[in-house]
Amino acid sequence: MKIFLDTANLDELKKGASWGIVDGVTTNPTLIAKEGRPIAEQVRLICDIVDGDISAEVVSTEASAMIKEGKELAKIHKNIVVKCPLTRDGIQATKALSSEGIRVNVTLCFSPGQALLAAKAGAYIISPFVGRLDDIGWTGMDLVRQILQIYKNYGFKTQVLAASLRSPLHVVDAALAGSHIGTMPFKVLDMLFNHPLTDKGLDQFLKDYAKAFPEAPGR
Ligand code: E4P
């Protein structure tokens with residue numbers, strides 16, 4: 001499963017990128033707004049940090065305006081993936097942009113029927129929001145599984161990106177479901193490293209070695 005960071009924060013992205021395991025970035029208008037720069041400026045900076053798909057969302061709501069905005073965003077960098085919401089206009093814009101070879105991530109997907117429409121429109125990525133479904137008492141991961149099954153049934157090439165992941169367990173469940181991509185906040189990626197037995201084991205290894213070889217390099 002590809003790992004994307006769901007943040008527009010440059011420090012978080014630099015840190016994540018330094019680990020060498022970040023395959024891409026998702027942003028949304030809320031995440032961009034937190035950083036204080038308009039979308040085009042902020043994603044340009046992000047493209048210099050992470051070499052992978054960078055989703056940049058349109059803020060227009062009418063199809064022709066979304067198409068215009070999407071084309072402008074796509075010009076920023078070859079790695080930009082234009083994000084369109086799963087509305088009637090968003091699907092229309094997805095079809096138009098995809099037909100011109102612009103890659104589109106269809107966002108705010110909450111049902112398998114919506115995901116079918118996105119695939120039909122030629123979406124490069126579909127983003128089911130797992131955590132937000134959990135928030136209203138549905139099992140968000142079931143949506144990921146349903147979409148994967150539907151896409152498999154018909155050979156759709158659209159990649160499933162499990163979004164709104166809120167915990168390491170969400171990430172593992174997305175991977176077990178076979179999601180192509182999981183996007184997560186920096187905090188969740190950081191938590192994936194942690195295991196008390198790793199810390200305990202390393203501590204013991206280093207103590208044992210230091211006892212045997214007090215002058216070894218690194219100390
Ligand atoms: C995905 O692209 C969205 O930006 C994101 O995953 C939303 O997550 P949230 O529900 O935690 O805001």
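**Entry 1: a loop residue**

I began at Ser-164, which lies in the loop between strand S7 (159-162) and helix H9. I am working from a predicted model. I looked up phi for Ser-164 and found a value near 55°, positive in a residue other than glycine. Most residues other than glycine have a negative phi. I then asked whether Ser-164 is buried or exposed. Ser-164 counts as buried because its relative accessibility is 9%, and the cut-off for buried is under 20%.

**Entry 2: another positive phi**

I turned to Leu-108, which is found in strand S5. Phi of Leu-108 is near 65°, again positive and again not in a glycine. Leu-108 has 33% relative accessibility, so I noted Leu-108 as partly exposed. Partly exposed covers the range between under 20% and over 50%.

**Entry 3: the chain as a whole**

I stepped back to the full chain. I counted 11 helices and eight strands. The C-alpha trace spans about 70 × 35 × 30 Å along its principal axes. Of the 219 residues, 45% are buried. I also checked contacts with a separation of 6 or more, and 55% of these join residues 24 or more positions apart.

**Entry 4: the barrel**

How do the eight strands come together, and in what order? They close into a barrel, and the order reads S1-S2-S3-S4-S5-S6-S7-S8, with parallel pairing. I noted an average turn of 30° between neighbouring strands of this sheet, direction ignored. Strands of a sheet pair through backbone hydrogen bonds.

I looked at where S1 meets S8. Strand S1 (residues 2-6) and strand S8 (residues 181-184) run parallel and are joined by four bridges. Lys-2 has Ile-181 in S8 as its bridge partner.

Next I took S5 and S6. Strand S5 (residues 104-109) pairs with S6 in the parallel sense, over three bridges. Opposite Val-106 I found Ile-126 of S6. Then I followed the side chains along strand S6 (residues 125-128). Ile-125 and Ser-127 point one way, while Ile-126 and Pro-128 point the other way. All four of these residues are buried.

**Entry 5: a helix over the strands**

I looked up what helix H3 (residues 39-49) lies across. I found strand S2 (24-26), strand S3 (53-57) and strand S4 (80-85) under that heading. H3 runs at about 175° to S3.

**Entry 6: two helices**

I moved to helix H8 (residues 140-154) and helix H9 (residues 168-177). Their axes come within 10 Å and cross at roughly 20°. That angle makes H8 roughly parallel to H9, because angles under 35 degrees count that way. The crossing of H8 and H9 is right-handed.

Which residues meet in this contact? From H8 I listed Met-141, Val-144, Arg-145 and Leu-148. From H9 I listed His-170, Asp-173, Ala-174 and Ala-177. The residues of this contact divide into five nonpolar, one polar and two charged.

**Entry 7: an exposed residue**

I closed with Asp-11, found in helix H1 (residues 10-18). Asp-11 counts as exposed because its relative accessibility is 56%, and exposed means over 50%. How far apart are Asp-11 and Trp-138 in sequence and in space? I noted 127 residues in sequence and 34 Å in space, C-alpha to C-alpha.

Note on methods
Residues numbered from 1 in each chain as written. Predicted model: local features only at pLDDT ≥ 70, side-chain atom pairs only at ≥ 80, totals over all residues. Heavy atoms only, no water. Axes fitted to C-alpha atoms, helices over the stretch in contact; angles between N-to-C directions. Parallel < 35°, antiparallel > 145°, perpendicular 65-115°, else oblique. Left-handed = near helix turned anticlockwise from the far one by under 90°. Contact = heavy atoms within 4.5 Å. Nonpolar A, V, L, I, M, F, W, Y, C, P; charged D, E, K, R; others polar. Buried < 20%, exposed > 50% of the residue type's maximum accessible area, 1.4 Å probe, protein only. Pairing = 2+ DSSP bridges.
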